[in-house]
Amino acid sequence: MLYKFTGKPDRTFPNLVTGKVYDLTIQERSRGMLGFLVGNTYPIITHPIQCPYSSWESFNRNWERV
């Protein structure tokens, strides 16, 4: 899916460009045995970079779906 990077590059990912659109592959993981049922999930970008996020809120602060 296409996402625009709205965050700022950091030491971990210095090559990300604010405002640039990236084709991301995202996996959704659950916390605990019933995470999917109760909505306790978090995203992990698996391509073109490997980047786990602690929550969907933190992901949405850095990426905007296009």
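Which pattern does the protein follow, read along the sequence? Colour your view by secondary structure and trace the chain: the order is β-β-β-α-β-β-α-β. That makes two helices and six strands. Keep in mind that you are looking at a predicted model.

**Stop 1: the whole chain.** Select everything and switch on a surface. The protein exposes about 4700 Å², and carbon and sulfur atoms supply 54% of that area. Of its 66 residues, 29% count as buried. If you like contact maps, take the contacts between residues at least 6 apart in sequence: 32% of them join residues at least 24 apart.

**Stop 2: the core.** Hide the surface and select Y3, F5, L16, Y22, L24, I45, I49, C51, Y53, F59 and W63 as sticks. These eleven residues make up the largest nonpolar core.

**Stop 3: W63.** Now centre on W63. This residue counts as buried because its relative accessibility is 3%, under the 20% cut-off. What does W63 touch, once its neighbours within four places in sequence are left aside? Light up Y3, K4, F5, T6, L16, Y22, L24, I45 and Y53: W63 is in contact with each of them.

**Stop 4: the rings.** Stay here and show the aromatic side chains. The structure holds six aromatic pairs. One of them joins Y22 and W63, edge-to-face, at 5.7 Å centre to centre with 85° between the planes. This pair links distant parts of the chain, since Y22 belongs to strand β2 (residues 21-23) and W63 to strand β6 (residues 63-65), 41 residues apart. Both Y22 and W63 are buried.

Then swing round to F59. Why does the pair of F59 and W63 count as stacked? The ring centres of F59 and W63 are 6.4 Å apart and their planes sit at 20°, so the pair falls under the 30 degrees that stacking requires. F59 is buried too, because its relative accessibility is 0%.

Widen the selection to Y3, F5, Y22, Y53, W56, F59 and W63, and you have one aromatic cluster.

**Stop 5: back outside.** Bring the surface back and pick L2, V21 and V66. Together they form a nonpolar surface patch with about 260 Å² of accessible area. Zoom in on L2, which lies in strand β1 (residues 2-5). Is L2 buried, exposed or partly exposed? Its relative accessible area is 44%, so L2 is partly exposed, between the 20% and 50% limits.

Methods
Residues are numbered from 1 along each chain as its sequence is written. This is a predicted model: local features need pLDDT of at least 70, side-chain atom pairs count only at pLDDT 80 or more; totals for chains, interfaces and linings use all residues. Side-chain values use heavy atoms; hydrogens and water are left out. A nonpolar core is a set of buried Ala, Val, Leu, Ile, Met, Phe, Trp, Tyr and Cys residues joined through side-chain atoms within 4.5 Å. Buried means under 20% relative accessible area, exposed over 50%, partly exposed in between (1.4 Å probe, protein chains only). Contact means heavy atoms within 4.5 Å. Patches are made of residues with over 30% relative accessible area and no salt bridge: like charges are joined within 9 Å, nonpolar side chains (Val, Leu, Ile, Met, Phe, Trp, Tyr) within 5 Å. Accessible areas come from the Shrake-Rupley method with a 1.4 Å probe; for residues, only the protein chains shown count as cover. A salt bridge is a side-chain nitrogen of Lys or Arg within 4 Å of a carboxyl oxygen of Asp or Glu. Helices (H or I, at least four residues) and strands (E, at least two) are DSSP runs, numbered from the N terminus. Rings of Phe, Tyr and Trp (its six-membered ring) pair if their centres lie within 6.5 Å; planes under 30 degrees apart count as stacked, over 60 as edge-to-face and the rest as tilted.
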